[in-house]
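Subject: A structure for you to look at

Hi,

Here is the structure I promised to pass on. Have it open while you read, and my notes follow below.

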Amino acid sequence: MPLLTIDGLWKCYGGDPVLRGIDLAVEPHEVVCLIGASGSGKSTLLRCVNLLETVDDGVILLDGTDITAVNADEDAVRRRIGMVFQSFNLFPHMTVLENITLAPVKVHKQPRKAAVEEARALLARFGLADKAADYPDRLSGGQQQRVAVIRALACHPDLLLLDEVTSALDPALVTEVLALIRDLKHQGMTMVIATHEMSFARSIADTVCFLSDGILLEQGPPDRLFTAPEQPETRAFLHRALSDGVL
């Protein structure tokens with residue numbers, strides 16, 4: 001059974017459709033990359049999966065359970081789905097360690113000592129052991145984004161959603177965040193990633209999905225989709241990416 005199943009998903013704003021009948025299945029340990037122009041619906045799709053947006057039609061299943069049902073426990077769903085945003089969203093008045101341990105202690109009721117030990121282990125694993133006592137404004141953008149990913153991992157999600165996590169970074173800082181995500185793939189984390197980094201998507205994804213105007217027009221393994229796309233819209237998008245030097 002897929003870990004995540006999206007069936008006929010529609011989302012509208014003010015009567016205007018933003019997502020149009022999206023169908024997608026994500027297997028355990030699979031990495032799915034969403035590509036497409038800005039405004040194509042990638043971020044909205046992730047926000048629907050994490051129940052930050054209400055769904056107008058269709059269903060989303062997590063391990064076979066309809067999480068879009070009226071009686072669904074949104075807090076329970078978000079305990080299983082981690083999400084990392086492009087704007088970091090770290091609490092500026094908390095240290096790195098406090099940011100990471102907040103949800104495990106307050107939401108998951110993990111003993112503080114255990115949460116701190118795990119947070120320090122995660123920081124060490126991703127090269128930030130010396131930043132535990134720092135506040136976010138003392139960190140570079142790349143370090144802040146890595147802390148945001150670690151904060152999501154501290155809650156032991158079954159599924160991790162990453163929304164353009166490098167778009168707010170200087171080019172020199174992108175590499176360190178992408179390296180962290182590659183490490184997560186090697187560890188078997190199931191991820192759905194919205195990205196403009198075409199070469200990264202090609203190297204890390206098991207499946208690449210091309211969205212255009214709210215429609216999932218094409219999906220497939222990266223070697224096939226990037227070299228022999230079937231849809232003219234996909235070919236035009238990839239041609240622009242190649243011309244812009246991002247592929």
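Let's start with one residue: where is the place of L51? L51 sits in the loop between α1 and β4 (57-62). Do keep in mind that you are looking at a predicted model.

L51 comes just after α1 and has a positive phi of about 60 degrees. That caught my eye because most residues other than glycine have a negative phi. L51 is also buried, with a relative accessible area of 12%.

There is another residue like this to look up. E164 isn't a glycine, yet its phi is positive, at about 50 degrees. You'll find E164 in the loop between β7 (159-163) and α6 (171-186). With a relative accessible area of 6%, E164 is buried; the cut-off for that word is under 20%.

Now go back to helix α1 itself, which covers residues 42-49. Six of its eight residues are buried, so the rest of the structure largely encloses this helix. The buried ones are K42, T44, L45, L46, C48 and V49.

Next, have a look at a pair of helices. Helix α3 (residues 96-106) packs with helix α5 (residues 141-153) at an angle of about 30 degrees, and their axes are 8 Å apart. Angles under 35 degrees count as roughly parallel, and α3 and α5 are therefore described that way. The crossing of α3 past α5 is right-handed. On the α3 side, V96, N99 and I100 make the contact, while α5 brings V147, I150 and R151. Sorted by class, the contact of α3 with α5 has four nonpolar residues, one polar and one charged. When you look at the spacing of such residues, it helps to know that an α-helix has 3.6 residues a turn, so residues three or four places apart point the same way.

Finally, zoom out to the whole protein. You should be able to find nine helices and 10 strands. The C-alpha trace spans about 55 × 45 × 35 Å along its principal axes. For 247 residues, a compact globule would have a radius of gyration near 18 Å, and the protein agrees with its 18 Å. Of those 247 residues, 48% count as buried. If you take contacts between residues at least 6 apart in sequence, 66% of them join residues at least 24 apart.

Have fun clicking around!

Cheers

Note on methods:
Residues numbered from 1 in each chain as written. Predicted model: local features only at pLDDT ≥ 70, side-chain atom pairs only at ≥ 80, totals over all residues. Heavy atoms only, no water. Axes fitted to C-alpha atoms, helices over the stretch in contact; angles between N-to-C directions. Helix = DSSP H or I, 4+ residues; strand = E, 2+ residues; numbered from the N terminus. Parallel < 35°, antiparallel > 145°, perpendicular 65-115°, else oblique. Left-handed = near helix turned anticlockwise from the far one by under 90°. Contact = heavy atoms within 4.5 Å. Nonpolar A, V, L, I, M, F, W, Y, C, P; charged D, E, K, R; others polar. Rg over C-alpha atoms; globule rule 2.2 N^0.38 Å. Buried < 20%, exposed > 50% of the residue type's maximum accessible area, 1.4 Å probe, protein only.
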